[in-house]
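Grab a coffee and open the viewer: here is a small set of exercises to work through with the coordinates at hand. Try each task yourself before reading the solution.

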Amino acid sequence: MTLSRRIDEACAAVRFVTDLVPRVGLVLGSGLGAASIGVEDQVVIPYARIPHVPMPSVQGHRGELSLGRVGKMGVAVLSGRVHLYEGHGVEDVVMAVRMLARLGMETLVVTNAAGSTRPQLRPGALVLVTDHLNLTGEDPTRGPEAAGLGPRFTNLTDAYDPGLLALFRRAAADVGVEMAEGVYAASKGPCYETPAEVRMLASMGADLLGMSTVPEVIACRHMGLRVAAVSCVTNLAAGIEGSHPDHEEVGRIASQASGRLALLVARFLELVGEA
Ligand code: HPA
């Protein structure tokens with residue numbers, strides 16, 4: 001079955017439940033729910049009921065799509081994602097956002113947990129992603145040119161939309177949440193980096209290290225959407241001030257930051273709705 005056909009089948013399963021058109025979509029990492037960012041009148045659909053959208057296997061990633069509204073604006077929230085490190089192909093990793101794009105999504109916001117290569121970006125810091133380094137070895141636009149998805153050669157200049165970055169800066173000021181800015185480097189994982197790799201990545205311009213986000217961003221740029229991403233720093237990267245990254249700590253710090261992240265994203269959604 002072609003990719004385009006699989007996306008259509010996933011869309012049909014959602015359309016069977018609701019005719020709401022999501023203008024904005026959010027991919028939430030662990031510890032943040034749709035209610036916390038002010039989405040009302042939600043319909044919740046487990047990924048298990050949507051063909052071709054894989055279920056996450058990582059603890060803390062729920063695996064459900066919520067569709068609702070912020071003001072008059074349709075919003076879709078993907079709570080939980082699948083990662084390349086779970087063994088999924090990149091096509092599966094981006095299936096849910098491709099489905100939302102075909103359902104009408106114009107803007108995607110991705111959140112993630114990340115390690116920091118900069119001692120001044122401490123655990124708990126929220127960081128607006130301004131650009132990325134794709135070190136996954138994957139590109140979701142590789143392969144047969146699927147009809148109706150996007151061009152062969154996707155332009156990733158300004159991949160993180162300048163207008164959305166401006167709205168995020170305004171949202172942060174409005175709610176009084178501190179927000180830094182940085183470049184996110186994605187690897188396939190699941191091992192954390194070695195201290196030598198962290199030094200290399202820092203010298204290459206990476207401020208944030210993670211294992212997600214970049215495939216979804218590329219897929220959505222390919223389909224012509226506007227994209228923004230916010231990282232929550234959960235740890236100093238390996239070797240920085242003697243750091244030993246630990247999955248449990250990553251989850252704990254992400255949950256602690258989720259209240260501030262929710263405030264920020266909720267205000268951002270209001271601003272997008274007004275724009
Ligand atoms: N490296 C890569 N991915 C991560 C990290 C890290 O230090 N912390 C959370 N996700």
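What follows is a run of five exercises on this predicted model, each with a worked solution.

**Exercise 1. Salt bridges and the helix turn**

Task: Work out how Arg 5 and Glu 9 are placed in helix α1 and what links their side chains.

Solution:
- Start with the helix. Arg 5 and Glu 9 both belong to α1, which spans residues 3–17, and they sit 4 residues apart, about one turn.
- Recall the helix geometry. An α-helix has 3.6 residues a turn, so residues three or four places apart point the same way.
- Check the atoms. The two side chains, Arg 5 and Glu 9, form a salt bridge with an N to O distance of 3.6 Å, inside the 4 Å cut-off for a salt bridge.
- Look at exposure. Arg 5 is partly exposed at 48% relative accessible area, and Glu 9 is partly exposed too, at 25%.

Now try a pair in another helix. How far apart in sequence are Glu 270 and Arg 267 in helix α7? They are 3 residues apart in α7 (residues 247–274), which means about one helical turn lies between them. Their salt bridge has its closest N and O atoms 2.6 Å apart. Glu 270 is partly exposed at 40%, whereas Arg 267 is buried at 19%, since buried means under 20%. This pair doesn't stand alone: Asp 174, Arg 267 and Glu 270 are linked in a salt-bridge network.

To finish, add one more pair to your list. Arg 62 and Glu 64 form a salt bridge, with the closest N and O atoms 3.2 Å apart, and Arg 62 is partly exposed at 48% relative accessibility. The full count for the model comes to 12 salt bridges.

**Exercise 2. Inside the nonpolar core**

Task: Find which residues touch the most other members of the largest nonpolar core, and which element gives the most to it.

Solution:
- Begin with the general idea. In soluble globular proteins, nonpolar side chains tend to be buried together.
- Pick out the hubs. The largest nonpolar core has 84 residues, and Leu 65 and Met 99 touch the most other members.
- Ask who contributes. Helix α7 gives the most to this core, with 9 residues.
- Note the other core. A second, separate core of 9 residues includes Leu 201, Ala 237, Ala 238 and Ile 240.
- Go back to Leu 65 and list its contacts. Leaving out neighbours within four places in sequence, the partners of Leu 65 include Val 14, Val 43, Val 44, Ile 45, Tyr 47 and Ile 50. Also among them are Ala 76, Val 77, Leu 78, Met 99 and Leu 100.

**Exercise 3. The two sides of α5**

Task: Sort the residues of α5 into a buried and an exposed side.

Solution:
- Get the buried set. Val 198, Leu 201 and Ala 202 are buried in α5.
- Place them around the axis. They cover an arc of only 100°, so they fall on the same side of α5.
- Turn to the other side. There, Arg 199 and Ser 203 are exposed.
- Find the cover. The buried residues of α5 are covered by elements including β8 (208–210).

**Exercise 4. A patch on the surface**

Task: Which residues make the nonpolar surface patch of about 270 Å²?

Solution:
- Name the members. Leu 135, Met 200 and Met 204 make the patch.
- Locate one of them. Met 200 is in helix α5, residues 195–203.
- Check exposure. With a relative accessible area of 44%, Met 200 is partly exposed.

**Exercise 5. Backbone oddities**

Task: Track down the cis peptide bond, then some residues with positive phi.

Solution:
- Take the peptide bond. Gly 189 and Pro 190 are joined by a cis bond, with omega about 0°. Pro 190 is in the loop between β7 (180–186) and α5.
- Step past α5. Just after the helix, Gly 205 has a positive phi of about 110°.
- Look beyond glycine. Asp 41 has phi near 55°, lies in strand β2, residues 40–46, and is exposed at 65% relative accessible area.
- Do the last one. Glu 241 isn't a glycine either, yet its phi is positive, about 50°. Glu 241 lies in the loop between β9 (226–236) and α7 and counts as exposed at 55%.

Key:
Residues are numbered from 1 along each chain as its sequence is written. This is a predicted model: local features need pLDDT of at least 70, side-chain atom pairs count only at pLDDT 80 or more; totals for chains, interfaces and linings use all residues. Side-chain values use heavy atoms; hydrogens and water are left out. Patches are made of residues with over 30% relative accessible area and no salt bridge: like charges are joined within 9 Å, nonpolar side chains (Val, Leu, Ile, Met, Phe, Trp, Tyr) within 5 Å. Accessible areas come from the Shrake-Rupley method with a 1.4 Å probe; for residues, only the protein chains shown count as cover. Buried means under 20% relative accessible area, exposed over 50%, partly exposed in between (1.4 Å probe, protein chains only). A nonpolar core is a set of buried Ala, Val, Leu, Ile, Met, Phe, Trp, Tyr and Cys residues joined through side-chain atoms within 4.5 Å. Contact means heavy atoms within 4.5 Å. The arc is that of the directions from the helix axis to the C-beta atoms.
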